[in-house]
Amino acid sequence: MEMSDSRVINAPREVVWAAILSPEVLKACVPGCTELTGTPEEGYQATVVQKVGPVKATFKGTVTLSNMNEPESLTLSGEGKGGAAGFAKGGADVSFKEVEEGTELTYAVDAKVGGKLAQLGSRIIDGFAKKMADQFFTNLQDAVEGPADAEAAPEAEGEAAEEGKKKGWFKRMVSG
(Lines give C-alpha, C1' and ligand atoms only; values in the text may rest on other atoms or scores of the structure.)
Protein backbone atom coordinates (compact mmCIF):
# COMPACT_ATOMS: atom_id res chain seq x y z
CA MET A 1 0.00 0.00 0.00
CA GLU A 2 1.48 3.33 -1.00
CA MET A 3 0.25 6.87 -0.44
CA SER A 4 1.61 10.38 -0.21
CA ASP A 5 0.49 13.70 1.17
CA SER A 6 1.82 16.99 2.44
CA ARG A 7 0.98 19.56 5.09
CA VAL A 8 2.32 22.90 6.23
CA ILE A 9 3.52 23.22 9.82
CA ASN A 10 3.71 26.74 11.18
CA ALA A 11 7.31 26.51 12.45
CA PRO A 12 10.85 26.89 11.12
CA ARG A 13 12.29 23.84 9.34
CA GLU A 14 14.94 23.33 12.05
CA VAL A 15 12.24 23.09 14.75
CA VAL A 16 10.24 20.53 12.75
CA TRP A 17 13.44 18.56 12.06
CA ALA A 18 14.36 18.54 15.78
CA ALA A 19 10.81 17.46 16.68
CA ILE A 20 10.82 14.42 14.40
CA LEU A 21 14.17 13.31 15.90
CA SER A 22 12.92 13.63 19.48
CA PRO A 23 11.98 10.33 21.20
CA GLU A 24 9.32 12.13 23.26
CA VAL A 25 7.73 13.57 20.12
CA LEU A 26 7.91 10.27 18.24
CA LYS A 27 6.25 8.44 21.14
CA ALA A 28 3.49 11.07 21.24
CA CYS A 29 3.04 10.97 17.46
CA VAL A 30 2.83 7.22 16.83
CA PRO A 31 -0.82 6.29 17.43
CA GLY A 32 -1.10 3.64 20.17
CA CYS A 33 2.58 3.87 21.16
CA THR A 34 2.92 2.87 24.82
CA GLU A 35 6.70 2.70 24.99
CA LEU A 36 9.60 4.04 22.93
CA THR A 37 13.27 3.92 23.88
CA GLY A 38 16.47 4.55 21.95
CA THR A 39 18.17 7.27 19.93
CA PRO A 40 17.94 8.59 16.35
CA GLU A 41 21.41 7.18 15.63
CA GLU A 42 20.82 3.68 17.03
CA GLY A 43 17.11 3.39 16.30
CA TYR A 44 14.20 2.98 18.67
CA GLN A 45 12.48 0.02 20.30
CA ALA A 46 8.74 0.55 20.36
CA THR A 47 5.58 -1.06 21.72
CA VAL A 48 2.38 -0.13 19.92
CA VAL A 49 -1.14 -1.33 20.72
CA GLN A 50 -3.55 -1.11 17.79
CA LYS A 51 -6.91 -2.46 16.72
CA VAL A 52 -7.19 -3.15 13.01
CA GLY A 53 -10.74 -4.14 12.14
CA PRO A 54 -11.60 -6.97 14.56
CA VAL A 55 -7.95 -7.72 15.39
CA LYS A 56 -6.35 -6.03 18.40
CA ALA A 57 -2.65 -6.62 18.84
CA THR A 58 0.41 -5.41 20.69
CA PHE A 59 3.26 -4.89 18.27
CA LYS A 60 6.84 -4.92 19.49
CA GLY A 61 9.37 -3.68 17.01
CA THR A 62 11.84 -1.10 15.84
CA VAL A 63 11.75 2.37 14.36
CA THR A 64 14.81 3.57 12.47
CA LEU A 65 15.76 6.86 10.87
CA SER A 66 17.92 6.73 7.76
CA ASN A 67 18.92 8.77 4.71
CA MET A 68 19.13 11.79 7.01
CA ASN A 69 19.91 14.93 5.03
CA GLU A 70 19.51 17.63 7.71
CA PRO A 71 17.21 19.59 7.58
CA GLU A 72 15.83 18.56 4.18
CA SER A 73 14.79 14.89 4.26
CA LEU A 74 14.86 11.57 6.06
CA THR A 75 13.32 8.12 5.98
CA LEU A 76 11.35 6.73 8.94
CA SER A 77 11.05 2.93 8.92
CA GLY A 78 9.18 0.71 11.30
CA GLU A 79 8.66 -2.99 11.71
CA GLY A 80 6.64 -4.77 14.37
CA LYS A 81 5.52 -8.26 15.25
CA GLY A 82 2.08 -8.69 16.76
CA GLY A 83 2.23 -12.35 17.75
CA ALA A 84 -0.70 -14.33 16.33
CA ALA A 85 -2.01 -11.18 14.62
CA GLY A 86 0.96 -11.14 12.27
CA PHE A 87 3.35 -8.35 11.40
CA ALA A 88 3.32 -4.82 10.07
CA LYS A 89 6.13 -2.93 8.46
CA GLY A 90 6.47 0.23 6.53
CA GLY A 91 8.32 3.42 5.95
CA ALA A 92 7.89 7.05 5.11
CA ASP A 93 10.17 9.23 3.03
CA VAL A 94 9.75 12.68 4.53
CA SER A 95 10.98 15.98 3.08
CA PHE A 96 11.04 19.39 4.77
CA LYS A 97 10.77 22.52 2.59
CA GLU A 98 10.80 26.11 3.80
CA VAL A 99 7.67 27.99 2.74
CA GLU A 100 6.25 31.38 3.70
CA GLU A 101 3.92 29.86 6.33
CA GLY A 102 6.68 27.72 7.94
CA THR A 103 7.66 24.24 6.82
CA GLU A 104 6.00 22.12 4.18
CA LEU A 105 6.25 18.47 5.14
CA THR A 106 5.81 16.04 2.25
CA TYR A 107 5.66 12.31 2.89
CA ALA A 108 5.37 9.12 0.87
CA VAL A 109 4.33 6.08 2.89
CA ASP A 110 4.61 2.41 2.03
CA ALA A 111 3.08 -0.22 4.35
CA LYS A 112 2.88 -4.03 4.35
CA VAL A 113 1.19 -6.51 6.66
CA GLY A 114 1.22 -10.30 7.02
CA GLY A 115 -0.44 -13.02 9.05
CA LYS A 116 -4.03 -12.62 10.29
CA LEU A 117 -3.87 -8.91 9.51
CA ALA A 118 -3.34 -9.63 5.81
CA GLN A 119 -6.54 -11.71 5.80
CA LEU A 120 -8.63 -8.63 6.64
CA GLY A 121 -8.46 -7.45 3.05
CA SER A 122 -6.78 -4.57 1.36
CA ARG A 123 -9.64 -2.07 1.88
CA ILE A 124 -9.43 -2.36 5.67
CA ILE A 125 -5.63 -2.41 5.70
CA ASP A 126 -5.26 0.50 3.26
CA GLY A 127 -7.76 2.60 5.22
CA PHE A 128 -6.01 1.78 8.48
CA ALA A 129 -2.55 2.61 7.07
CA LYS A 130 -3.80 5.96 5.72
CA LYS A 131 -5.43 6.76 9.07
CA MET A 132 -2.20 5.88 10.95
CA ALA A 133 -0.04 8.04 8.66
CA ASP A 134 -2.46 10.98 8.82
CA GLN A 135 -2.67 10.68 12.61
CA PHE A 136 1.13 10.54 12.96
CA PHE A 137 1.66 13.73 10.96
CA THR A 138 -1.33 15.49 12.62
CA ASN A 139 0.17 14.61 16.01
CA LEU A 140 3.55 15.95 14.86
CA GLN A 141 1.92 19.18 13.70
CA ASP A 142 0.08 19.53 17.05
CA ALA A 143 3.27 18.85 19.04
CA VAL A 144 5.11 21.59 17.16
CA GLU A 145 2.48 24.30 16.67
CA GLY A 146 -0.25 23.42 19.15
CA PRO A 147 -3.74 21.97 18.62
CA ALA A 148 -5.71 23.42 15.72
CA ASP A 149 -8.59 24.36 18.00
CA ALA A 150 -7.82 26.36 21.12
CA GLU A 151 -10.26 24.29 23.19
CA ALA A 152 -8.01 21.25 22.82
CA ALA A 153 -5.16 23.19 24.45
CA PRO A 154 -4.73 22.58 28.17
CA GLU A 155 -6.29 25.27 30.36
CA ALA A 156 -3.88 27.46 32.31
CA GLU A 157 -3.98 30.89 33.89
CA GLY A 158 -2.90 34.36 32.74
CA GLU A 159 -0.25 34.91 30.09
CA ALA A 160 0.89 31.30 30.23
CA ALA A 161 -2.53 30.26 28.94
CA GLU A 162 -2.23 32.53 25.91
CA GLU A 163 1.31 31.30 25.24
CA GLY A 164 0.20 27.67 25.62
CA LYS A 165 -2.61 28.11 23.13
CA LYS A 166 -0.33 29.63 20.51
CA LYS A 167 2.53 27.12 20.63
CA GLY A 168 2.76 23.34 20.74
CA TRP A 169 4.53 21.78 23.70
CA PHE A 170 7.63 20.97 21.67
CA LYS A 171 7.93 24.52 20.32
CA ARG A 172 7.57 25.90 23.88
CA MET A 173 10.26 23.48 25.05
CA VAL A 174 12.83 24.53 22.41
CA SER A 175 12.07 28.25 22.63
CA GLY A 176 12.31 28.28 26.42
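Here are some exercises with worked solutions on a predicted model of a protein chain.

**Exercise 1. The overall layout**

Work out how many helices and strands the protein chain has, and in which order they run.

*Solution.* Start with the count: the secondary structure comes to five helices and seven strands. Next, follow the chain from its N terminus, where the elements run β-α-α-β-β-β-β-β-β-α-α-α. Then turn to burial: of the 176 residues, 39% count as buried. Finally, look at contacts with a separation of 6 or more; residues 24 or more positions apart account for 52% of these.

**Exercise 2. Helix H1 and the loop after it**

Decide whether H1 is mostly covered or mostly open, and then look at Ser22.

*Solution.* Begin with the helix: seven of the nine residues of H1 are buried, so this helix is mostly covered. The buried ones are Arg13, Val15, Val16, Trp17, Ala19, Ile20 and Leu21. Now step on to Ser22, which sits in the loop between helix H1 (13–21) and helix H2 (23–29). Ser22 has a relative accessibility of 7% and therefore counts as buried, the cut-off being under 20%. Leaving out residues up to four places away in sequence, Ser22 touches Tyr44 and Phe170.

**Exercise 3. The nonpolar cores**

Find the residues with the most contacts inside the largest nonpolar core, and trace the surroundings of one of them.

*Solution.* The largest nonpolar core has 34 residues, and Leu74 and Leu140 have the most contacts inside it. Apart from this core lies another, of eight residues, including Val52, Ala57, Ala85 and Leu117.

Take Leu74 next. Setting aside its neighbours within four places in sequence, Leu74 is in contact with residues including Trp17, Ile20, Leu21, Met68, Val94 and Phe96.

Phe96 makes a good follow-up: this residue belongs to strand S6 and is buried, at 3% relative accessibility. Beyond residues up to four places away, Phe96 touches Arg13, Val16, Trp17 and Ile20, among others, and the contact with Leu74 appears here too. For a long-range check, take Ser6, 90 residues from Phe96 along the chain: the C-alpha atoms of the two are separated by 9.8 Å.

**Exercise 4. The cavity**

Describe the largest cavity: what is its volume, and which residues lie nearest its centre?

*Solution.* A search of the whole structure finds one cavity of 30 Å³ or more. The largest cavity has a volume of about 820 Å³. Its lining is made of 38 residues, with Val30, Gly78, Lys89, Gly90 and Met132 nearest the centre.

Now sort the lining by type: 24 residues are nonpolar, nine polar and five charged. Then sort by element. Strands S3 (43–52), S4 (55–69), S5 (73–81), S6 (87–99) and S7 (102–114), together with helix H3 (122–145), each supply at least two lining residues. H3 gives the most, with seven.

**Exercise 5. The cysteines**

Explain why Cys29 and Cys33 do not form a disulfide with each other.

*Solution.* First, the structure holds zero disulfides. Next, check the distance from Cys29: the closest cysteine sulfur is that of Cys33, 9.9 Å away, which is too far for a bond, because a disulfide needs sulfur atoms within 2.5 Å. Starting from Cys33 leads back to Cys29, at 9.9 Å. Last, compare their settings: Cys29 is buried, with a relative accessible area of 1%, and Cys33 counts as buried at 13% relative accessibility.

Technical notes. Residues numbered from 1 in each chain as written. Predicted model: local features only at pLDDT ≥ 70, side-chain atom pairs only at ≥ 80, totals over all residues. Heavy atoms only, no water. Core = buried A, V, L, I, M, F, W, Y, C linked by side-chain atoms within 4.5 Å. Buried < 20%, exposed > 50% of the residue type's maximum accessible area, 1.4 Å probe, protein only. Contact = heavy atoms within 4.5 Å. 1 Å grid on protein atoms, 1.4 Å probe; cavity = no way out; pocket = protein on both sides within 12 Å on 5 of 7 lines; lining within 4 Å. Points joined across faces, edges and corners; volume = space filled by probe spheres on them. Helix = DSSP H or I, 4+ residues; strand = E, 2+ residues; numbered from the N terminus. Nonpolar A, V, L, I, M, F, W, Y, C, P; charged D, E, K, R; others polar.
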